[in-house]
Amino acid sequence: MVANKRPLIIAHRGASGSSPENTMAAFRKSVHAGADMIELDVRLTQDFHLVVHHDRNVRRTTNGRGNIWDLTLQQLRSLDAGSWFSPKFQRERIPTLREVMEFLLPTRVNLNVEVKTDGDPRKRTHFEECVILIIMEKKFEERTLVSSFDHKFLKHMHELFPGIKTGALYHPVRDVRKKPSTLCSRIGASAFICSRTQLRQRIIDDVRAHKLVLATYGINTPQHFDAILDLGVDAMVTDWPEKMVKRLIS
Ligand code: G3P
Ligand code: MG
């Protein structure tokens with residue numbers, strides 16, 4: 001991801017305003033809408049597969065029960081990940097990261113893999129290595145930004161394989177009053193990501209001074225869009241790529 005003249009449109013959990021989040025339906029819609037990039041959340045299953053799921057627990061977005069780290073890929077794949085949103089999505093399953101990369105391979109749409117490590121009680125899962133290996137296997141090094149609230153994860157990943165770009169997600173409590181440049185330089189990140197409500201002029205100034213890429217999430221209305229466009233961010237993360245792409249080109 002490089003700084004652009006116009007902001008990149010990143011589909012947050014896919015086109016999650018109009019489809020069940022983090023499903024192939026949401027990713028297909030993002031590509032169709034003309035999004036530049038898809039943001040998705042990745043967690044590690046009990047048997048060490050990378051699956052696309054936001055919450056620790058499957059309760060909210062599937063018909064199952066339990067934490068991702070207690071369930072095998074086979075168990076997770078048997079769940080309905082679409083009906084909670086609408087009965088017409090009942091065939092949706094929890095995707096694997098590999099499946100999404102294979103889907104994106106022939107497209108021009110890039111990928112923001114947000115790694116979720118919170119809640120997982122296991123030590124030494126080799127999560128970093130799993131992410132690096134899949135990106136290398138699919139030759140997605142140039143097309144992927146790996147982001148996380150877990151800056152230790154990003155630091156370790158960068159040490160293992162600096163060829164993959166990383167983005168530090170701003171945590172409003174832990175990172176309060178810390179400059180983006182301080183947070184990013186500690187871990188080798190080239191992008192800084194915060195929410196619309198966290199964005200301040202001092203953040204923008206610091207990011208510019210240090211040539212970091214700035215992405216902002218929570219851009220879901222025309223008012224959000226217009227306000228953020230004036231601030232000159234590099235990327236907008238939205239639940240509604242279909243609406244934001246239209247607004248950008250209109
Ligand atoms: O990348 C921005 C955003 O995805 C971070 O928050 O909770 O939607 O994963 P969350
Ligand atoms: Mg996310």
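**Entry 1: ligand 1**

I looked up histidine 12 first and found one of its polar side-chain atoms 2.7 Å from an oxygen atom of ligand 1. The model is predicted, and I read every distance here as a computed value. I then turned to histidine 54, where a side-chain N or O atom is 2.7 Å from an oxygen atom of ligand 1. For lysine 116, I noted 2.8 Å between a side-chain N or O atom and an oxygen atom of the ligand. I also looked up the cover: ligand 1 has 290 Å² of accessible area on its own, and the protein covers 89% of that area.

Which residues surround ligand 1? I listed His12, Arg13, Glu39, Asp41, His54, Glu114, Lys116, Phe149, Leu169 and Tyr217. Sorted by class, this shell holds 5 charged, 3 nonpolar and 2 polar residues.

**Entry 2: the magnesium ion**

I next asked which protein atoms are donors of the magnesium ion (ligand 2). They belong to Glu39 (OE), Asp41 (OD) and Glu114 (OE), at 1.9 to 2.2 Å from the ion. Along the chain I read their spacing as E-x1-D-x72-E. Glu39, Asp41 and Glu114 also appear among the residues around ligand 1.

Are glutamate 39 and aspartate 41 buried or exposed? Glutamate 39 has a relative accessible area of 3%, so I recorded this residue as buried. Aspartate 41 is at 0% and is therefore buried as well.

**Entry 3: helix α1 and the loop before it**

I went to threonine 23, which sits in the loop between β1 (8-12) and α1 (24-33). Its relative accessibility is 1%, so threonine 23 counts as buried. Leaving aside residues up to four places away in sequence, I found threonine 23 touching Ala81, Glu92, Arg93 and Pro95.

In α1, I noted Met24, Ala25, Ala26, Phe27, Ser30 and Ala33 as buried. What do the buried residues of α1 pack against? I found three strands, β1, β2 (37-44) and β3 (50-52), together with the helices α3 (97-104) and α9 (241-249). After α1 comes glycine 34, for which I read a positive phi near 90°.

**Entry 4: positive phi outside glycine**

I looked up two further residues for their backbone angles. Histidine 126 is not a glycine, yet I read a positive phi of about 60° for it. Histidine 126 lies in the loop between β4 (110-115) and α4 (127-137). At a relative accessible area of 40%, histidine 126 is partly exposed.

Arginine 177 is likewise a residue other than glycine with a positive phi, here near 70°. I placed arginine 177 in the loop between β6 (165-169) and α6. Its relative accessibility is 73%, so I entered arginine 177 as exposed.

**Entry 5: aspartate 175**

I stayed with the loop between β6 and α6, which also holds aspartate 175. Is aspartate 175 buried or exposed? It counts as buried because its relative accessibility is 2%, and the cut-off for buried is under 20%.

I checked the contacts of aspartate 175, again without residues up to four places away in sequence, and found His151, Leu169, Tyr170 and Leu183. Leu169 is also one of the residues that surround ligand 1. A polar atom of the aspartate 175 side chain lies 2.7 Å from the backbone nitrogen of histidine 171. I also looked up the pair aspartate 175 and arginine 196: they are 21 residues apart in sequence, and their C-alpha atoms are 16 Å apart.

**Entry 6: two threonines**

I found threonine 182 in helix α6 (residues 180-187). With a relative accessible area of 30%, threonine 182 is partly exposed. From threonine 182 to aspartate 206, I read 9.5 Å between C-alpha atoms and a sequence separation of 24 residues.

Threonine 216 belongs to strand β8 (residues 213-217). Its relative accessibility is 0%, so I recorded threonine 216 as buried. What does threonine 216 touch, not counting residues up to four places away in sequence? I listed Cys194, Ser195, Arg196, Leu199, Ile228, Val233, Ala235, Met236 and Val237.

Note on methods. Residues are numbered from 1 along each chain as its sequence is written. Chains are lettered from A and ligands numbered from 1 in the order in which they are written. This is a predicted model: local features need pLDDT of at least 70, side-chain atom pairs count only at pLDDT 80 or more; totals for chains, interfaces and linings use all residues. Side-chain values use heavy atoms; hydrogens and water are left out. Donors are N, O and S atoms within 2.8 Å of the metal (3.2 Å for Na, K and Ca); water is not among the atoms, so sites may look incomplete. Buried means under 20% relative accessible area, exposed over 50%, partly exposed in between (1.4 Å probe, protein chains only). A residue is near a molecule or strand if one of its heavy atoms lies within 4 Å of it. A polar contact is a pair of N or O atoms within 3.5 Å; within protein, one must be able to donate a hydrogen and the other to accept it, and residues adjacent in sequence count only if both atoms are side-chain atoms. Accessible areas come from the Shrake-Rupley method with a 1.4 Å probe; for residues, only the protein chains shown count as cover. Ala, Val, Leu, Ile, Met, Phe, Trp, Tyr, Cys and Pro count as nonpolar, Asp, Glu, Lys and Arg as charged, and the others, Gly among them, as polar. Helices (H or I, at least four residues) and strands (E, at least two) are DSSP runs, numbered from the N terminus. Contact means heavy atoms within 4.5 Å.
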